[in-house]
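Trainee: Could you take me through one part of this model closely, the membrane part and the core around it, and then show me how the rest of the structure connects to that picture?

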Amino acid sequence: MKMQKKSVSEWVKSGDPWVWLNAGAVAISVIMVVGLLLLIAVRGLGHFWPADVVQATYSLPGDKAYTIAAERVESVEVTSAQLREAGVQLPDDSEEFLQRTLLKMGNRDVYGADFGWVLDKYLSDIETPEMLFAAERHEWGNLYGYLMSVKEDGRIVSETSDVTATASALATWAMFEKSIERAATIHDDIKDIEKYDIGKINHALERIRLKQRRFELDGELTPAVEADLAAERSQYDEAYRGLQANLAALYQQINRDSFVVRVMDGTEHEIQVSKIVHAFRPNAMGVTEKMGFYFVKVWEFLTDEPREANTEGGVFPAIFGTVMMVLLMTIIVTPFGVVAAVYLREYASQGWVTRVIRIAVNNLAGVPSIVYGVFGLGFFIYFLGSGIDEAFFPEALPSPTFGTGGLMWASITLALLTVPVVIVATEEGLSRIPRNVREGSLALGATKFETLWRVVLPMASPAIMTGVILAVARAAGEVAPLMLVGVVKLAPSLPLDGNYPFIHLDQKFMHLGFHIYDVGFQSPNVEAARPLVYATALLLVMVIALLNLSAVTIRNHLREKYKSLEM
Amino acid sequence: MTTPTDHRMPELDFNTPALKRHRKLRALKDRTAGMGIAIGGSSVILAVLLICFYLLYEVAPLFSSASIDEKASYSLPAEEEGESLYLAMEEQSEIGMRVASNGSVVFFSIEDGSVIETVANPREQAVSSFTVESDTSRLLAFAYEDGKVLISKHNYKTSYPDGQRQITPFVDYPYGEAAISVADFAIKKLAIRDGDDGLTIAVSGDTESAILKVTKDVNFITEEVELTEQRETLPFIADINSLLISGNQRSLYVATNAGMMSEFDLRDFDNIRLKDTAALIEEGASLVSMSYLVGKSSVMVADSSGRVSQWFNVRDDATNEEKLHFIRDVKQPVALVDLAMEQRRKGFATLDERGLVAIYNATSERQVLDERLSDATARLISFSPRANSLLLEDSKGMHFYHVDNEHPEVSWSSIWGKVWYESYPEETYTWQSSSASNDFEPKYSLMPLAFGTLKAAFYAMLMAVPLAICGAIYTAYFMAPALRRKIKPVIELMEALPTVILGFLAGLFFAPFLEEHLAATFSILVVLPVGILLFAYLWSRLPAGIRWMVPEGWQPLLLIPVIVFLAWFCLALSPIIEVNFFGGNIRGWITNDLGITFDQRNALVVGFAMGFAVIPTIFSITEDAIFSVPKALTQGSLALGATYWQTMTRVVLPTASPGIFSAVMIGMGRAVGETMIVLMATGNTPIMDFNIFEGMRTLAANLAVEVPESEVGSSHYRILFLAAFVLFIFTFVVNTIAETVRQHLRKKYGSL
């Protein structure tokens, strides 16, 4: 007994417990990082999986029973006290703990809300009927129900009275799928016309208006000029009328088909096929089919535009906006950062001034990003931007061109935010280059600039690349300053398109990080948006992880390349 | 052209014209590149430093004083009508208006004083008293010897004939051109108050006082307005200086020349009672005027000693009744003559016997101007509606001034000190920046935001510092090198995670999770360290054969399953704890039994999320500092017989402590400036409470929310820039200290 006690105190005295506690801290940190990444990955990837739709009867005591069809979202255990607090009527003899499930019931247009919590205990007759289908719609969220008939111009072309997989039900389903495909093709055509052709005309008309205003401001608006402009305008108007007629015909065609669906409360609704994006019967799908559907959904997420206040559809404009902004920022930040570092290290005389500047630049990397945002808004947008507007775009006033947030200002603001990163990394690279390499080059008669250009900079390129990529990674994840200088929740068009001048630097844009904030926190239907936010977050994490990894790889590769020099 | 003749020794000629040209070109290239780099480099550095100066440039106007300059001066327009009782200007400061002592209303051009129109007193009686409802309503009230009151309004119509703005003044009579009969005695003093529901007129004569209430009833069907009048007599008070009816027409204040104020309760109009009395001025002085500041909440009292005091209603705890309460005062050395109120801000100007005009702001208690404008007997002053010009009348005539007074509502003390705002029961620190109405008193105290910032940073550091430093100690000193190469990048990967993702997870996943598993969260805090220690002890009891399977420095791998199990265990146990100790609902228990407010998005959530964001920063700098402690030191210590842990605490940590300090400082700088996490994981309410279950609003989040909406150049905009500047300076200073410490440390190690 005495032995035992002594050894405990000895064990404490040896300091081992502290070492173990420190080891615990490492373990906790690792668990947190990995857990967080796993959480995002699981939730983000799970979003695209076509989950089974269950049908069940739900009867709360003291309430009348009804049938529901829904996807399970999540399940938690709650105490009955918490439920009572929340206003759920429970019988007095109910258990302490109850399992509660969040269901996605869809049919928002019929039920009013598309999500609901149920208590598992009161669910009965749970089944997954094969003919129960789920449909994604352009608006009102998902639809769950049984297909009863498909109509063309109000005339029934196929119908069934079965909710089981009979031949007539399957035939109707096949008809339905065909009809959806047809509607999707027409839908694409309509979108093409509306977006590209009409967008082009609108853009041209706006340019004519601005031209006219410009002439007016310069006092050169003669009747001849006016007639020219009017002729030009009427030409576009003509084209517009033609497109309009095409559109009308397409709309007529797309609205030809409709179908009748029976939802869980037994009512039947007639809905136009053109409202449907996808329809599928998850319960009848095998794993391979589900996989196929999964990849279709992932592709759609990456390449489509958002629908329904950003809660459905894809994030393509946000990806595009992020990439554009980061590219522009890189183009700005790389030369300036490198030049500044070269100046500091190679040209400026080393003294206390350079030391102070070095510390200042270093510390700027630690200044909160929102401060850069405030600076960008005040200096670039309100000060420079409105000056540019008055000097170069007086015809567009009072609506601002550069006097409001946009791609260019956002890129410059982020370039300013990340330039210390590039400077610091480049300087570090420059300081590692041995003196004798430089002296060798100078001794051979090269000028200082030639030494710099041919010898020093190539050797410092791994460091420069590292700096740039770290800057890019930081810029891609930064949201706070962008909220002030030009990011919007929904941009009407991409900043790069077929209309003159092709790159629209003054345009507002979408951004993945802001998309997460906006959809997660400003969306009217948070529950519906949540999986999409996880998916977007996963995408952003992957992009940034990729950038960081490539930073490491490129650095190693370049190091390898210049290794012989470094002896 | 020379050709080499000596074939034995081929000589290179470096001075051919082509080579010379080439050399020249190279030298030129070198020079231009050097210049270009110098210019480019220094301009990039300047641009970066520009941030600091630009922020200051936007902030500076906040603290500059007002200026005033005379634009015109002329003799009294329509002098024959008599001295003025009241002066006013229209919105654009193009037309002035004065009410002459004989009751006529004179409109004149501000620029040169030429009379535009004189509207004579419509009644044959002489005006015995005059008052205005308020500067903003432009209602004028004339009282006569026969006990009648006429209400008129000076009004302006703007038209654009041939694209030129033209303003036409006119007088109209909203309550009819006939005078309203209020009393049957000669009126000496009067007060009126107009509102949506009706009008109240209080009058007083030599021996009597009376009050009239006109109620407007709008017929819902015909939309006809029906006026009902009710007259009551008031208890008479002798020697009255002013009457004032409150904005809601529920109180009448009667002040005597000696400054005694009596408040009558008008709510029960049939039974008017004396509610309260108070001495408004110090003994010996006499009252000059009593009037409302814009918003009709604060009563401003000017007296002959040169003092202006501000009073407003404050609820008395004892009687639960609202009473006029003295708030603050300002003082000029000589007697005051007139007081003018700004119409859109809580500002006012005093005019004293010397002709000196002082402009103040009530909220910020700031005097922005103090200038002697008149050397004659000064009589009246008035602000234009935009408060950008001032009209002054003295015995020499009329003077017109431009006033440049952009930001009077901000002062150093109102930003960082407690301020007693209108309708608040006491002095507070409050941030409430915007409202649609001009009557609103903006509350620009940065204290709640600074407090919120520090609170968020405190909880984040509470979480991050122990984990990061302990982790760094282990990684740098105890961990096996092979494992260290893998663990370090993993933790540093955290740094690259965008904070918007952390914020979103904190707000949408962690906050509800925490609310549901409060018991688990707190038990984890206790169970984890105890569990780890217990496991470590049991491990040390194991036979050596098993222990040696895991070499020294790989303990974290052993602990990972242990920690996961313990966390799962706590989560599983959580409902049981909740049911047995907290009645099944720990949240309800906190709110009801402990009386602590509980928000779902609270400081605890922010602490976790932001702690997570700060850990990698602190970790990697600390790890560097510990790792770079010279091996000679630790080996010496070990050779002398110290254990590893003793070496750690007695040798390594003291040597590395400056580095750890700078790590904590840099982490703190990051926590203070973090925006997205706080924005998404708290409710963003600017409260000052250290409660861990309540949210906060930080400077950074406030910027993100309010900057896009604030009007460029307004006080609000500049205050936000001040907040940005504070953040900038704070982080800059913190980082500089950390950086200097680190460089110092590096030097020290270098010598070892």
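Mentor: Happy to; what follows starts with the annotated membrane part of chain B, moves to the core and the contact between the chains, and ends with the sheets and a few residues in loops and strands. Please keep in mind that this is a predicted model.

Let's begin with the annotation. An unreviewed UniProt entry gives chain B the feature "domain: ABC transmembrane type-1" at residues 450-738. Over that span, the chain is 79% helix and 0% strand, and its end C-alpha atoms lie 21 Å apart. For "transmembrane region", UniProt, again in an unreviewed entry, lists residues 33-57, 456-478, 490-511, 517-538, 558-583, 603-621, 651-672 and 719-738 of chain B. Two of these are worth looking at one by one. Residues 490-511 of chain B are 91% helix and 0% strand, with 25 Å between the end C-alpha atoms. Residues 603-621 of chain B are 100% helix and 0% strand, and here the end C-alpha atoms are 26 Å apart.

Now to the core. The largest nonpolar core has 218 residues, and those touching the most other members are B:Ala506, B:Val606, B:Ala609, B:Ile618, B:Ile677, B:Ala723 and B:Ala724. Helix 3 of chain B, residues 447-478, gives the most to this core, with 20 residues. Have a look at B:Ala724 in particular: leaving out residues up to four places away in sequence, B:Ala724 touches A:Val371, A:Val374, B:Leu55 and B:Leu703. A second core, separate from this one, holds 93 residues, including B:Val182, B:Leu287, B:Leu351 and B:Met398.

The contacts of B:Ala724 with A:Val371 and A:Val374 lead us to chain A. In the contact between the chains, 80 residues come from chain A and 88 residues from chain B. On the side of chain A that touches chain B, helix 2 of chain A (residues 16-46) gives the most, with 19 residues. Sorted by class, that side of chain A has 56 nonpolar, 18 polar and six charged residues.

Chain B also has sheets. One is an open sheet of four strands, with antiparallel pairing and the order 19-20-21-22. Strand 19 (287-292) and strand 22 (322-331) of chain B each have a single partner strand, so each is an edge strand with one side left without a neighbour in the sheet. On average, and ignoring direction, neighbouring strands here are turned by 25 degrees against each other. Within the sheet, five bridges pair strand 20 (residues 298-303) with strand 21 (residues 307-315) of chain B in the antiparallel sense, and B:Met300 has B:Gln310 in strand 21 as its bridge partner.

Another open sheet of chain B has four strands in the order 2-3-4-5, also with antiparallel pairing. Strand 2 (84-89) and strand 5 (115-119) of chain B are at its edges, each with a single partner strand, so one side of each lacks a neighbour in the sheet. The twist from one strand to the next averages 15 degrees. Strand 4 (residues 105-109) of chain B runs antiparallel to strand 5 of chain B, and four bridges join them; B:Val106 stands opposite B:Thr118 in strand 5.

A hairpin is next. Strand 25 (residues 356-361) and strand 26 (residues 366-372) of chain B are antiparallel and joined by six bridges, with B:Asp370 in strand 26 as the bridge partner of B:Ala358. Four residues lie between the two strands, and B:Glu365 in the turn has a positive phi of about 50 degrees.

Positive phi also turns up in chain A. Most residues other than glycine have a negative phi, which makes the next two worth a look. A:Asn107 has a positive phi of about 45 degrees and is found in the loop between strand 3 (97-104) and helix 4 (108-111) of chain A. A:Asn107 is buried, because 23 other C-beta atoms lie within 10 Å. A:Asp125, with a positive phi of about 50 degrees, is found in strand 5 of chain A. A:Asp125 counts as exposed because it has 10 other C-beta atoms within 10 Å.

Finally, A:Met131 is in the loop between strand 5 (123-127) and strand 6 (133-137) of chain A. A:Met131 counts as buried because it has 20 C-beta neighbours inside 10 Å. Setting aside neighbours within four places in sequence, its contacts are A:Tyr146, A:Val163, A:Thr164, A:Ala165, A:Ala169 and A:Arg281. A:Thr164 is 33 residues from A:Met131 in sequence, yet the C-alpha atoms are 5.8 Å apart.

Notes:
Residues are numbered from 1 along each chain as its sequence is written. Chains are lettered from A and ligands numbered from 1 in the order in which they are written. This is a predicted model: local features need pLDDT of at least 70, side-chain atom pairs count only at pLDDT 80 or more; totals for chains, interfaces and linings use all residues. UniProt positions are given in the numbering used here, feature names are shortened, and annotations may be inferred rather than shown by experiment. Two residues are in contact if their C-beta atoms, placed from the backbone, lie within 7 Å. Ala, Val, Leu, Ile, Met, Phe, Trp, Tyr, Cys and Pro count as nonpolar, Asp, Glu, Lys and Arg as charged, and the others, Gly among them, as polar. A nonpolar core is a set of buried Ala, Val, Leu, Ile, Met, Phe, Trp, Tyr and Cys residues joined through C-beta atoms within 7 Å. A residue is buried if 20 or more other C-beta atoms lie within 10 Å of its own, exposed if 12 or fewer, and partly exposed in between; C-beta atoms are placed from the backbone. Two strands pair if DSSP finds at least two bridges between them. Axes are lines fitted to C-alpha atoms, for helices over the stretch in contact, and angles run from 0 to 180 degrees between N-to-C directions.
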